[in-house]
Amino acid sequence: MNKKTLILLLSLTAIYIIGNLIWYQINKPIFMLQPESALYFLDILNPVLFSQIHPPLLPLIMKFLFYVFGIHNYATIYMSVNIIFFIISLFFIYKIGEKINGISCGRISMILFSSVPAIYGLSRFYGRQDFHIISVLLMGIYFLIASDFFKNQKWTIFYAVSLGTGLLLRETFLGFAMPFLLFFIVLAISRGIKKSQICNLTI
């Protein structure tokens, strides 16, 4: 990522932060109230380390930050976590665009992604990992592209790790990830899949 692209990423992140701060001042609370939000909020306040009813990754992150910064900073903590996930999404959607059609495509992809109102809306929901799995889905898609149809073992393993990470965020993650995986498998078969690719895929 060159300097101009980094400046663009930081600028889009700054706009996202400012937009959320304004939204928070106008429309509190930090998330829209729903039963799932209440369940997750109670879950992260539970002293038990690992959740018995929810995928553990986000509750663990929140519990650690609550322990360090205190429960009274809930809004700031949750917004900060979402900023990290937003930056990860921007980075990987840029990498996907760059891989497909060069730097300009990657930059335009970042701009279009950050301009979607749903990105702001979903980041206001706590208890539904729709916003957080976006970054992991994009990460997995980039790893799939980088694997060159499973020819590169390293990137194929990274893709498997992204699947595991997604399942730690949301139990139905595979429902979102499988269409992309099946698409790449079909393309690999249509191009004449080799034994080494099958081995990488099964690992």
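1. A quick term before we start: a contact here means heavy atoms within 4.5 Å. With that in hand, look at the fold of this predicted model: among the contacts in the protein chain with a separation of 6 or more, 67% join residues 24 or more positions apart.

2. On secondary structure, the protein chain has 10 helices and zero strands. Reading from the N terminus, you go α-α-α-α-α-α-α-α-α-α.

3. Now inside versus outside. The protein chain has 203 residues, and 44% of them are buried. Its accessible surface is about 11000 Å², with carbon and sulfur atoms accounting for 72% of that.

4. What about empty space inside? The structure contains two cavities of 30 Å³ or more. The largest cavity comes to about 50 Å³.

5. Which helices build the wall of the largest cavity? At least two lining residues come from each of α7 (130-146), α8 (153-169) and α9 (173-190). The largest share belongs to α7, which gives five residues.

6. If you want to find the largest cavity on screen, pick out its lining: Val-136, Leu-137, Gly-140, Ile-141, Leu-144, Tyr-159, Ser-162, Phe-173, Ala-177 and Phe-180.

7. As for the chemistry of that wall, the lining of the largest cavity has eight nonpolar residues, two polar ones and no charged ones. Gly counts as polar in this scheme and Tyr as nonpolar, so keep that in mind when you go through the lining residues, Gly-140 and Tyr-159 among them.

Definitions and conventions
Residues numbered from 1 in each chain as written. Predicted model: local features only at pLDDT ≥ 70, side-chain atom pairs only at ≥ 80, totals over all residues. Heavy atoms only, no water. 1 Å grid on protein atoms, 1.4 Å probe; cavity = no way out; pocket = protein on both sides within 12 Å on 5 of 7 lines; lining within 4 Å. Points joined across faces, edges and corners; volume = space filled by probe spheres on them. Helix = DSSP H or I, 4+ residues; strand = E, 2+ residues; numbered from the N terminus. Buried < 20%, exposed > 50% of the residue type's maximum accessible area, 1.4 Å probe, protein only. Areas by Shrake-Rupley, 256 points an atom, 1.4 Å probe, with all protein chains shown as cover.
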